[in-house]
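Trainee: Could you take me on a close look at one part of this model, the helix that the rest of the chain wraps up most thoroughly? I would also like to hear how that part fits into its surroundings.

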Amino acid sequence: MALRFDFRISGMILGDILEQAFQLSWIFGYIRTPDGPPPGVEAEHIHPKALRSIRTPRVYVAAGGIQQTCQFGDVVGPDKEETNWICLGTAFRRDSTQAHTLKKEDWNRLLLQRNPPLQALDGHFLVLRVFEDRIESFSDPLGLRMLFVLQKPKICYFATRQDWLAPCAGGLEIDFDVFGARWLTFNQLSHEALAKGVRRTGPGAVAVLKAVETRIDNTLWSPPTMESTAADFVDAFGAFTAPSGPTVRSMSLGLSGGLDSRAVLAFLLDRLSADEFGVHVFGAPDDPDVRISRQIANKFQLTHRHLRADLPPPVELVPRLANFAASVCAAEPATAYLKVRHYEMLHGMGQSVIDGGFGEIARRQFFNRLLLRAPKAIDTSDFSRMLDLMRVHRASIFLPDLDDLMWSGALRQLESTWRSLPDVRTVGRAFLLDLLAIRTRLPNYDGFEQARMDGVVASWMPFAQPSVLRTLLTLPANLRSNSRMLKALIRKQAPELRHIALVKNGITYPFGLGTGGAWLWAKTKSSLREVPQDSDNLQALQHLREFILDRIDSQDVRNFSAYDYRLLRTICHDFFAGRQENLSTIDWWLSFDLWRESLKG
């Protein structure tokens, strides 16, 4: 019989559990010249309590989070230089059948080398080597972990959170030319920092930070040209569904009603017994994802955790939302925090988290609008047409002139990033768009949340591993389209799963439907009945009514020159007067405004 747990705890208790949530998996530091200025800030006032700190007359480095995702040590390198090292995240080395997390001894061996071969690793990580006259930084091949750098005269500051550099700069200003793609399209299309005067490391970055200059060299990820088979994918993907190593504790799968988490589940059921892992889900009890998740757990006698918590008082909730918005840089609406806050509970239960994030790549679902509606634009590099089809509506809160500036910046980013891709005539449209998604979506969307997650629980996404992506992008295109390969693997490895409905955007549909059929099914069902607003999000914003109305009427918001203030105020007051269709706009505005506030320093 399945073990079933419905965790609903009070906001007061949750506050104790979430104490470490504000720590993230982090690094903060600076390096200055011998005659350089004092740092100008009390570092300990910027970051939480450190697991490791290094302090010399010229260098300060501190790192923290949880021990599973914050390792450190020291070695004597090839030039007989003593160096301290710090690694954030989870790195894997993969053999033919299994992936293994790197231990301290593994890092010691790698970091003895002048040019450590870190691009051969899987996983997500940021590694620092600390010398007396420089800091060397290495990022994972996909850019899921990153470092932000602020260069000042004779002193260089760096941090894994952009807002932590604000006090060092006397405040940071949003670069709307860079921010535009993040707000108006699926995600940012470059690897630039979102604040003026700040630089950011990208995929495969090797950076050398000195007191007077910084050099950052990114290495954009590309797969090999040799064609793969479905068997190659099974070997690669399977290696990351049951990895070994000290980082991996008892595993819990984030199991919704979607196809991607179900594919991960099929691999787990094929490789492990039901008592070797569990599943978890977030959301209201009547949410279709929750119902399907529980149905699957009962069917296979899996430990099932339905995680919920009461809303804390506004005086506690606002700082948590602000911290969330600042850490993900407004990549999500503010109330997205209500679900991700539960990961701390899983860590407290001794769990590591595995999920189906970025699974769309296995179904050839990224940028399908471009592929289906604008093939000629892809062939001719018609950037305006392509960007039109990448537009996403979040919230209309800015003045028209600023919208124009942001759109122009998004167009610049697309053109620059597009020119770094291979020739479409050589690789084909689908391959090109998949590579664009890997180079832009993973570092600019998933990366910010991964950094936040690393500080509260060890977690990984099997779909977002270079070894797996190498096989996916070199498979014959017809295997991935229409979810064909994933469904075939589910039927083979856990055939009973095919009898349980899938969920997409709150609508259930039969497992056997292809992509087009599922879309038509969901569209028909949603036209016959209203798809309800997320009740948790609505409740949270109403819970914050006083704070939001005070904020919207404040001089700070009123005087922020980017806002279309009259429209924004009307939307806000109408929402609290009963116009629930304004919920999304208020949610996104709150996320942006809290992030903006974090950059003031």
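Mentor: Happy to; what follows starts with the whole fold, moves to helix 5 and its surroundings, and then visits a few other places.

Please keep in mind that this is a predicted model. The protein has 26 helices and 21 strands. Its radius of gyration is 24 Å, close to the 25 Å that the globule rule gives for 601 residues, so the protein is as compact as a globular protein of that length. Along the principal axes, the C-alpha atoms fill a box of roughly 70 × 60 × 55 Å. Of the 601 residues, 60% are buried. Among contacts with a separation of 6 or more, 72% are between residues 24 or more positions apart. The accessible surface comes to about 23,900 Å², and carbon and sulfur atoms account for 51% of that surface.

Now to your helix. Helix 5 covers residues 176–184, and eight of these nine residues are buried, so the helix is largely enclosed by the rest of the structure. The buried ones are Phe176, Val178, Phe179, Gly180, Ala181, Arg182, Trp183 and Leu184. Notice that Arg182 is on that list along with Phe176 and Trp183. What lies over these buried residues? The cover includes helix 9 (314–328), helix 15 (400–418), helix 17 and helix 26 (583–598). At the start of helix 5, Asp175 places a side-chain oxygen within 3.2 Å of the backbone nitrogen of Asp177.

A good way to see how helix 5 is held in its surroundings is to look from Phe398. Leaving aside neighbours within four places in sequence, Phe398 is in contact with Phe176, Phe179 and Trp183, among others. Its other partners are Asp403, Met406, Ala562, Tyr563, Asp564 and Phe592. Phe398 also stands out in the largest nonpolar core, a set of 168 residues in which Phe233 and Phe398 have the most contacts. Helix 17 (residues 429–454) gives this core its largest share, 10 residues. There is also a second, separate core of 21 residues, with Ile54, Val61, Ile86 and Ile216 among its members. As background, nonpolar side chains tend to be buried together in soluble globular proteins.

Helix 17, which is part of the cover over helix 5, carries charged pairs too. Asp434 and Arg480 meet through their side chains in a salt bridge, at 2.6 Å from N to O. Asp434 lies in helix 17 and Arg480 in helix 19, so this pair ties together parts that are 46 residues apart in sequence. Asp434 is buried, with a relative accessible area of 0%, and Arg480 is buried as well, at 4%. Further along helix 17, Arg452 and Glu449 form a salt bridge at 3.0 Å, N to O. These two residues are three apart in the helix, which puts about one helical turn between them. Arg452 counts as buried at 3% relative accessibility.

Charged pairs turn up elsewhere as well, and the whole structure has 36 salt bridges. One of them joins Lys103 to Asp106, with the closest N and O atoms 3.8 Å apart. Here Lys103 is partly exposed at 31% relative accessibility, whereas Asp106 is buried at 7%. Arg551, Asp556, Asp593, Arg596, Glu597 and Lys600 are linked in a network of salt bridges.

Two more places round off the tour. Ser352 sits in strand 18 (residues 351–354) and is buried, with 0% relative accessibility. Beyond residues up to four places away in sequence, Ser352 touches Thr247, Val248, Arg249, Ser250, Met251 and Ser252, and also Val457, Ala458 and Trp460. Asn482, by contrast, is partly exposed, with a relative accessible area of 37%. Asn482 is in the loop between helix 19 (477–480) and helix 20 (484–493). Residues up to four places away aside, Asn482 touches Arg363, Gly514, Thr515 and Gly516. Its C-alpha atom is 7.7 Å from that of Arg364, a residue 118 positions away along the chain.

Conventions. Residues numbered from 1 in each chain as written. Predicted model: local features only at pLDDT ≥ 70, side-chain atom pairs only at ≥ 80, totals over all residues. Heavy atoms only, no water. Core = buried A, V, L, I, M, F, W, Y, C linked by side-chain atoms within 4.5 Å. Buried < 20%, exposed > 50% of the residue type's maximum accessible area, 1.4 Å probe, protein only. Helix = DSSP H or I, 4+ residues; strand = E, 2+ residues; numbered from the N terminus. Contact = heavy atoms within 4.5 Å. Polar contact = N/O pair within 3.5 Å; in protein donor to acceptor, adjacent residues only side chain to side chain. Salt bridge = Lys/Arg side-chain N within 4 Å of Asp/Glu carboxyl O. Rg over C-alpha atoms; globule rule 2.2 N^0.38 Å. Areas by Shrake-Rupley, 256 points an atom, 1.4 Å probe, with all protein chains shown as cover.
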